[in-house]
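Here is a set of exercises to work through with the model open beside you. Try each task before reading its solution.

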Amino acid sequence: MDLAYICEWEKRPKSNHCPSIPLVCAWSCRNLIAFTTDLKNEEEKDITHMIHILDTEHPWDVYSINSGHVEIITCLEWDQSGSRLLSADADGHIKCWSMMDHLANSWESTVGSVVEGDPVVALSWLHNGVKLALHVEKSGASNFGEKFSRVKFSPSLTLFGGKPMEGWIAVTISGLVTVSLLKPNGQVLTSTESLCRLRCRVALADIAFTGGGNIVVATSDGSSASPVQFYKVCVSVVNEKCKIDTEILPSLFMRCTTDPARKDKYPAITHLKFLARDMSEQMLLCASNQNSSIVECWSLRKEGLPVNNIFQQISPTVGDKPPMILKWRILSATNDLDRVSAVALPKLPISLTSTDLKVANDTKFFPGLGEEVFLLEILKKGLALAFHDGSVHIIHRLSLQTMAVSYGSTSQRPVEEQAIKRQRATGPSVHFKAMQMSWTSLALVGIDSHGKLSMLRISPSMGHSLDMNMSLRHLLFLLEYCMVTGYDWWDILLHVQPGMVQNLVEKLHEEYMRQNAALQQVLSTRIIAMKASLCKLSSGTVARVCDYHAKLFLIAISCTLKSLLRPPVLNTPDKSPGDRLTEICSKITDIDIDKVMINLKTEEFVLETATLQSLQQLIQWVGDFVLYLLASLPNQGSGPVRPGHSFLRDGNSLGMLRELMVVIRIWGLLKPSCLPIYTATSDTQDSMSLLFRLLTKLWLCCRDEGHPNEPDDTLIDECCLLPSQLLIPNIDWLPVNDAIISKLQNKQLVRLQFGKPPGLVGHAASLQFDAFARAPGQPKIDHLRRLHLGAYPTEECKACTRCGCVTMLRSPNKTTAVKQWEQRWIKNCLCGGLWRKMPFSYS
């Protein structure tokens with residue numbers, strides 16, 4: 001476990017960010033982190049409660065919200081899609097924050113609920129009934145459906161037709177449970193009910209869900225002498241009103257209070273958590289005194305009640321089947337530890353079997369299982385504890401054995417521990433007040449008592465020396481998991497070394513090709529985006545990043561332009577004009593564009609001239625790209641790999657370009673001004689048919705995937721002549737990459753400040769990358785609309801948090817065809833990354 005980066009606040013004389021007392025943070029599956037601080041204003045002596053939201057790739061670009069909460073914020077919770085955030089405070093106010101215009105650095109609170117004057121101690125979104133199980137033992141299986149299976153899990157509440165209803169549930173300090181339901185029309189139904197007839201103080205609580213659609217709430221009044229209570233909560237809607245039913249479940253007393261040796265040693269329960277939101281049978285408890293703690297893991301079991309012999313004789317049925325009751329049993333407990341300041345649980349969904357629970361009682365982890373399984377078991381079952389002395393331990397989530405230790409920045413070496421302890425006795429040390437694990441459990445974020453944010457890598461090997469092959473298989477498994485779930489995979493990239501990139505990309509492609517055609521189609525763009533983000537990490541594969549982005553763009557343009565074709569009569573046969581076009585283009589291998597055109601029904605291609613004119617920028621990109629590819633064919637064999645290299649062997653992409661050229665040619669007959677503009681040396685030459693001829697020859701070389709032929713010399717000679725016939729355009733590949741991930745590769749700690757972008761200290765890869773990117777003073781381009789914005793853009797722009805693609809916030813276009821193109825990118829970029837608003841000065 002090592003530190004990847006640290007981000008701290010700038011020290012200002014008048015106002016200061018100081019950590020709030022119960023500091024909270026939350027990490028979403030889109031790799032957005034939300035955390036709280038209090039902004040102290042020295043002059044007016046007042047405190048503003050702030051919520052900060054940042055993207056892990058650009059931690060300095062923090063978006064701070066004045067939350068409007070009067071009292072201190074006690075809970076933050078992301079929803080399952082990672083795009084909405086709940087915050088709750090010590091005055092009973094709950095607010096729901098969502099993105100404005102789908103921008104990751106612009107948030108607003110639209111709805112909320114309130115339990116007046118009653119501090120909220122636990123908060124959760126209602127379960128939406130979606131649950132995956134990871135089957136580690138099947139990580140060698142070829143089918144994604146076997147590795148990640150959908151578990152039957154009922155939503156907490158369903159609308160008509162079984163659709164899950166959205167909403168949240170909270171527990172307050174006075175023993176009330178409140179549920180708010182979001183109706184599709186935007187209304188909020190709120191209802192509040194007491195957890196049990198005798199209301200008592202709730203200092204700590206946690207919420208979990210059962211597969212049957214019930215909610216389990218665990219509460220404690222903070223004293224280890226009193227029991228930890230469990231309640232079952234059922235939510236229903238009756239006559240447009242929300243109704244809550246609660247019942248009491250078996251409770252438990254912590255082991256350390258019944259143990260005579262430790263009877264009064266740990267007076268307070270400080271942490272109480274279910275091992276996962278959807279595992280209501282396993283519980284983690286921590287009891288502490290001033291300077292030490294103990295952690296216990298409990299499990300709910302079904303047990304038979306022994307029946308007295310007298311009753312067995314009277315009723316033989318009782319003798320066969322003893323009555324079953326539910327009972328909490330302790331699984332494991334730690335020895336006395338330093339005082340625990342924060343706990344972080346892994347979020348990977350694991351199917352816990354009864355053997356796991358048995359094994360947890362043994363000290364050895366997994367005797368007899370292969371190394372690979374052992375590796376992933378560790379990753380899934382590690383939970384993190386932060387201590388008051390600044391160290392972080394990762395312990396096995398069931399047997400509670402320590403698996404890895406990290407020392408905070410104050411104490412780097414365990415050797416000096418005694419000396420450090422002596423110094424520390426005087427003043428309080430810096431320690432994490434709140435911690436969260438990422439969704440693949442490969443990274444850990446901690447907010448310490450100075451409000452500083454630290455990002456830790458959790459190495460998959462946990463300190464065991466592993467061969468490269470093992471960690472590759474392991475990262476591959478998690479990349480596939482992100483591909484299937486749609487989660488962001490930034491935290492996996494933290495562990496990818498430049499030497500692994502080539503292997504990972506190839507293996508990922510192999511796994512993808514094994515899936516069935518329908519799944520391949522669903523994941524087709526996501527896998528390209530994944531490969532692009534991996535290739536960024538190694539200087540040898542940087543040129544391929546450009547190819548992958550161009551491919552994403554090409555697929556999108558091809559879909560959009562083909563979707564504009566309309567059949568002239570409605571009762572046409574089953575094939576759409578787009579499919580028919582593909583079929584005809586692949587059947588007729590003629591190199592003359594006009595001969596291919598004759599076979600198509602031109603009435604399918606009739607569009608309004610205004611629509612065609614508005615598509616000119618996209619058409620121009622296709623034309624430029626074809627010209628660039630053909631002109632770069634002769635010199636691809638020599639020197640470093642250039643952008644465009646992979647297209648020259650990719651029959652599918654060349655076929656797509658060829659179809660688009662045919663469509664554009666037909667549209668050019670309707671409206672000549674929508675054709676791509678070429679600067680030719682002679683006035684008489686037909687540039688489009690020349691390019692089509694060369695493109696077809698190249699396509700015929702690599703059309704057959706199994707046996708690609710090398711392009712023959714006459715084709716290469718003709719391509720060599722292209723620069724003397726046409727002006728070769730500059731292709732705008734990608735903007736300069738300012739993200740943090742490429743700086744973290746040499747495993748050195750990066751220190752950052754909130755609000756200040758770091759200087760572009762790049763390594764070799766990013767310098768080579770800049771050869772394909774534009775320098776600061778040059779004209780900027782809107783990467784999705786292919787419009788030139790000028791050197792100092794006057795329009796507000798948004799940029800992708802992952803690939804850095806830039807586009808204008810507001811659309812300058814009126815026509816529906818272009819609106820349709822823009823709607824594709826309203827939520828996410830080409831690569832699936834979130835948008836963030838750019839400052840005006842970004843030029």
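Helices (H or I, at least four residues) and strands (E, at least two) are DSSP runs, numbered from the N terminus. Please keep in mind throughout that this is a predicted model.

**Exercise 1. Get an overview of the chain.**
Task: find how many helices and strands the chain has, and what percentage of its residues is buried.

Solution. Start with the secondary structure: there are 21 helices and 38 strands. Next, take burial, where the cut-off is under 20% relative accessible area. Of the 843 residues in the chain, 54% are buried. Then turn to the contacts with a separation of 6 or more: 65% of them are between residues 24 or more positions apart. Finally, the accessible surface of the chain comes to about 36800 Å², and carbon and sulfur atoms hold 53% of that.

**Exercise 2. Place strand E1 among its partners.**
Task: decide which strands are joined to E1, and in which sense each runs.

Solution. Begin with strand E32 (residues 453–457), which is joined to E1 by five bridges and runs antiparallel to it. Within this pairing, Ile-6 stands opposite Ser-454 in E32. Now take strand E33 (residues 750–753): four bridges join E1 to E33, and these two run parallel. Here Glu-8 has Gln-753 of E33 as its bridge partner. The last step is burial: five of the seven residues of strand E1 (residues 2–8) are buried, so the strand is largely enclosed by the rest of the structure.

**Exercise 3. Explore the nonpolar cores.**
Task: identify the residues with the most contacts inside the largest nonpolar core.

Solution. The largest nonpolar core has 139 residues, and Tyr-5 and Trp-667 are those with the most contacts inside it. Look at Tyr-5 and set aside residues up to four places away in sequence; among the residues Tyr-5 then touches are Thr-56, Pro-59, Leu-453, Ser-454, Met-455 and Trp-490. The list also includes Ile-740, Leu-744, Leu-749, Val-750 and Leu-752. There is a second, separate core of 24 residues, including Val-171, Val-177, Leu-181 and Val-217. As background, nonpolar side chains tend to be buried together in soluble globular proteins.

**Exercise 4. Follow the sheet from E7 to E10.**
Task: work out the strand order of this open sheet and which strands lie at its edges.

Solution. The four strands come in the order E7-E8-E9-E10, with antiparallel pairing. Strand E7 (73–78) and E10 are the edge strands, each pairing on one side only. From one strand to the next, the twist averages 20°. To check one pairing, look at E9 and E10: seven bridges join these antiparallel strands, and Trp-97 stands opposite Ser-109 in E10.

**Exercise 5. Examine two residues with positive phi.**
Task: say where His-102 is found and where Ser-441 is found, then judge whether each is buried or partly exposed.

Solution. Recall first that most residues other than glycine have a negative phi. His-102 has a phi near 60°, a positive value in a residue other than glycine. His-102 is found in the loop between strand E9 (93–99) and strand E10 (107–114). With a relative accessible area of 30%, His-102 is partly exposed. Ser-441 is not a glycine either, and has a positive phi of about 60°. Its loop is the one between strand E30 (432–437) and strand E31 (443–448). Ser-441 is buried, with a relative accessible area of 2%.

**Exercise 6. Look for disulfides.**
Task: find how many disulfides the whole structure contains.

Solution. A search of the whole structure finds zero. Cys-803 makes a useful check: its nearest cysteine sulfur, that of Cys-829, is 3.6 Å away. A disulfide needs the two sulfur atoms within 2.5 Å, so a pair beyond that cut-off does not count. Cys-803 is therefore in no disulfide. As for burial, Cys-803 counts as buried at 4% relative accessibility, while Cys-234 is partly exposed, with a relative accessible area of 25%.

Methods:
Residues are numbered from 1 along each chain as its sequence is written. This is a predicted model: local features need pLDDT of at least 70, side-chain atom pairs count only at pLDDT 80 or more; totals for chains, interfaces and linings use all residues. Side-chain values use heavy atoms; hydrogens and water are left out. A nonpolar core is a set of buried Ala, Val, Leu, Ile, Met, Phe, Trp, Tyr and Cys residues joined through side-chain atoms within 4.5 Å. Buried means under 20% relative accessible area, exposed over 50%, partly exposed in between (1.4 Å probe, protein chains only). Contact means heavy atoms within 4.5 Å. Accessible areas come from the Shrake-Rupley method with a 1.4 Å probe; for residues, only the protein chains shown count as cover. Two strands pair if DSSP finds at least two bridges between them. Axes are lines fitted to C-alpha atoms, for helices over the stretch in contact, and angles run from 0 to 180 degrees between N-to-C directions.
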